[in-house]
Amino acid sequence: MFGARVIYDMLFFFVVIIIVLNLIFGVIIDTFADLRSEKQQKEEILKNTCFTCGLDRSQFDNKAVSFEDHIRHEHNMWHYLYFIVLVRVKDPTEFTGPESYVYAMVKVNFEFLKKKFLSLLLIS
Ligand SMILES: [Zn+2]
């Protein structure tokens, strides 16, 4: 009788421990799966969308310029960043017309640009 009671109690604890551990592991695995899929989605967007203008890779099908040429030469995001840095570093009295325009725009909208470039750095 005593042995049966011990076995029953041990079974109860094993079942409870297994259920609780599976709940904890399930939450952990689920969180990692979510993080992984979110990262893959961001990488997919970065690979197939122009960072500057937001055009899709598919929109360059059957066009004279390919998506790679577009993101490398026409809308190279690093050239935009270099230009913004130049505008922020250069003396405002020596600006050309486009530089003073970009300076005014960056002053208004710099938080947006900072967030966009930071999100890019976090992905890569
Ligand atoms: Zn573009």
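This short presentation describes the fold, the long first helix and several individual residues of one predicted protein model.

Good morning, colleagues. I shall begin with confidence, since the model is predicted. The mean pLDDT of the protein is 87, and 94% of its residues reach 70 or more. Among the elements, helix α1 has the highest mean pLDDT, at 93, while helix α4, residues 97-123, has the lowest, at 76.

Let me turn to the overall architecture. The protein contains 4 helices and 0 strands, and the order of elements from the N terminus is α-α-α-α. The domain assignment divides the chain into domain 1, covering 1-48, and domain 2, covering 50-124. The centres of domain 1 and domain 2, taken over C-alpha atoms, are separated by 44 Å.

How does the radius of gyration stand against that of a compact globule of 124 residues? Such a globule would be near 14 Å, but the protein has 27 Å. The C-alpha trace spans about 95 × 40 × 15 Å along its principal axes. Buried residues make up 2% of the 124 residues. As for contacts with a separation of 6 or more, 30% are accounted for by residues 24 or more positions apart.

I now come to helix α1, which comprises residues 2-48. From its first C-alpha to its last, α1 reaches 68 Å over 47 residues, close to the 69 Å expected at 1.5 Å a residue. Is this helix largely buried or largely in the open? The number of buried residues among the 47 is 0, so α1 lies largely in the open.

Phe14 offers a local view of that helix, as F14 is found in α1. F14 is exposed because 10 other C-beta atoms lie within 10 Å, and a residue counts as exposed at 12 or fewer. Between F14 and W78, which are 64 residues apart along the chain, the C-alpha separation is 57 Å.

A second distance starts from Y82, which lies in helix α3, residues 77-89. Y82 and F2 are 80 residues apart in sequence, and their C-alpha atoms are 79 Å apart in space. In its own surroundings, Y82 has 11 C-beta neighbours inside 10 Å and therefore counts as exposed.

The next residue, E74, has its place in helix α2. E74 has 12 C-beta neighbours inside 10 Å, and so counts as exposed. What distance separates the C-alpha atoms of E74 and T52? These two residues are 22 residues apart along the chain, and the separation is 9.6 Å.

Finally, I draw your attention to N62, in the loop between α1 and α2, the latter helix being residues 67-74. Most residues other than glycine have a negative phi. The phi of N62, however, is near 60°, a positive value in a residue other than glycine. N62 has 5 C-beta neighbours inside 10 Å, and for that reason counts as exposed.

To summarise, the model is an arrangement of 4 helices and 0 strands, with a radius of gyration of 27 Å where a compact globule of 124 residues would be near 14 Å. Helix α1 lies largely in the open and has the highest mean pLDDT among the elements. Thank you for your attention.

Notes. Residues numbered from 1 in each chain as written. Predicted model: local features only at pLDDT ≥ 70, side-chain atom pairs only at ≥ 80, totals over all residues. Helix = DSSP H or I, 4+ residues; strand = E, 2+ residues; numbered from the N terminus. Buried ≥ 20, exposed ≤ 12 C-beta atoms within 10 Å, placed from the backbone. Expected span 1.5 Å × (residues − 1). Domains from an automatic or database assignment. pLDDT = per-residue confidence, 0-100. Rg over C-alpha atoms; globule rule 2.2 N^0.38 Å. Contact = placed C-beta atoms within 7 Å.
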